[in-house]
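Reader: Hey, got a minute to walk me through this one? I'd like to go over a few spots.

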Amino acid sequence: RDRDVTGVQTCALPIFYATFPQIGSGSNSVFTLNVGNPRIQIVSADDTLHPFFDGQIPTDVKGLYSLYVSWTGTKYETLLYKDTIPSQTDSSTGIRFANFAPNSPPVSIYLAGETGTAEFANVKYQQITSFKNFSGKSGLKNYDFEVRNTSTDEVLASFSVSIPLFFNITFVLDGIYDGSNTLDVLRVNNY
C-alpha cells in the first residue's frame, strides 16, 4: 500500500525498467510463467537496484498462482499461493477473502448489519479463505459486507459487490492497521 512496484522480471535477463509494466499500489496484474522453476524478481519504484522478491517459483502445467505483496511500513512481505479456482454454476459467484493488512487483528467478514455467523471467520494476517458461493438468483445480485475485528466486533472496513454470475472474486484487506484507522478492501477478479 502506498508503494508502487516498478517491475516484475520473469527470466534471467537484465531488467529494463523503462519498458516494464508498473503495478501500482492497490492493484494487480496477470503474468504468464514457464513451467518448471522460473526465477522471478520484483523491485520497488523506490529502489530498483535491490529486488525485494528474488526467487524461483515451482510451477506446474496448468498451475495457477497468486503472489501477494504487502508493505508493512518498513519492509515488503510476500506470500505465494497456489490457487484452485472453482467452476461456478447455477447463477452463483465464488467469493473469498484475504487479509494482507499488517498489524491487523484477526478479522471476520459479515453481511452488513448481520450478527451471528460470519461469512468468513477469524482471518489472520496473510491468511486466504476458501471460496464461498453467493447466489445471484431471485434479485440477490448485490451484497454489502463489513470486515470486523473478531475480538471487538469493531468495523474496520466495508465493501459492496454486485454479483457477476459464474465468476470468482478475491477481496483483499489492505493497509497498515494502527489500532484506530479504517482499512481498504481491494478486488481481484479470478474469473
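Author: Sure. One term before we start: a polar contact is a pair of N or O atoms within 3.5 Å, where within protein one must be able to donate a hydrogen and the other to accept it. Also keep in mind that this is a predicted model.

Reader: OK, let's use that term. How far is the backbone nitrogen of Asp60 from a polar atom of the Tyr65 side chain?

Author: That distance is 2.9 Å. The Tyr65 side chain also reaches the backbone oxygen of Pro58, at 3.5 Å.

Reader: And where does Tyr65 lie?

Author: In strand S4, which covers residues 65-71.

Reader: What else is Tyr65 in contact with, leaving aside neighbours within four places in sequence?

Author: Pro58, Thr59 and Asp60 on the one hand, and Leu80, Tyr81, Lys82 and Asp83 on the other. Take Leu80: it is 15 residues from Tyr65 in sequence, and their C-alpha atoms are 7.0 Å apart.

Reader: Switching topic. What's the strand order in the open sheet of four strands?

Author: S8-S7-S11-S12, with antiparallel pairing. Strands S8 (120-123) and S12 (155-162) are at the edges with a single partner strand each, so one side of each has no neighbour in the sheet. On average, neighbouring strands here are turned by 20° against each other, ignoring direction.

Reader: How many bridges are there between S7 and S11?

Author: Five, joining residues 107-111 of S7 and residues 142-149 of S11 in the antiparallel sense. As an example, Leu111 has Phe145 in S11 as its bridge partner.

Reader: Now Asn99. Is it buried or exposed?

Author: Buried, because its relative accessibility is 0% and the cut-off for buried is under 20%. Asn99 sits in strand S6, residues 92-100.

Reader: So what does the side chain of Asn99 reach?

Author: The backbone nitrogen of Ala101, at 3.1 Å. Not counting residues up to four places away in sequence, Asn99 also touches a list of residues including Ser104, Pro105, Val107, Tyr125 and Leu173.

Reader: Last one, Ile163. Where does that lie?

Author: In the loop between S12 and strand S13 (167-174).

Reader: And is Ile163 buried or exposed?

Author: Ile163 is buried, since its relative accessible area is 7%. Ser92 is 71 residues from Ile163 in sequence, yet the two are 7.8 Å apart in space, C-alpha to C-alpha.

Reader: Great, thanks!

Conventions. Residues are numbered from 1 along each chain as its sequence is written. This is a predicted model: local features need pLDDT of at least 70, side-chain atom pairs count only at pLDDT 80 or more; totals for chains, interfaces and linings use all residues. Side-chain values use heavy atoms; hydrogens and water are left out. Helices (H or I, at least four residues) and strands (E, at least two) are DSSP runs, numbered from the N terminus. Buried means under 20% relative accessible area, exposed over 50%, partly exposed in between (1.4 Å probe, protein chains only). Contact means heavy atoms within 4.5 Å. Two strands pair if DSSP finds at least two bridges between them. Axes are lines fitted to C-alpha atoms, for helices over the stretch in contact, and angles run from 0 to 180 degrees between N-to-C directions.
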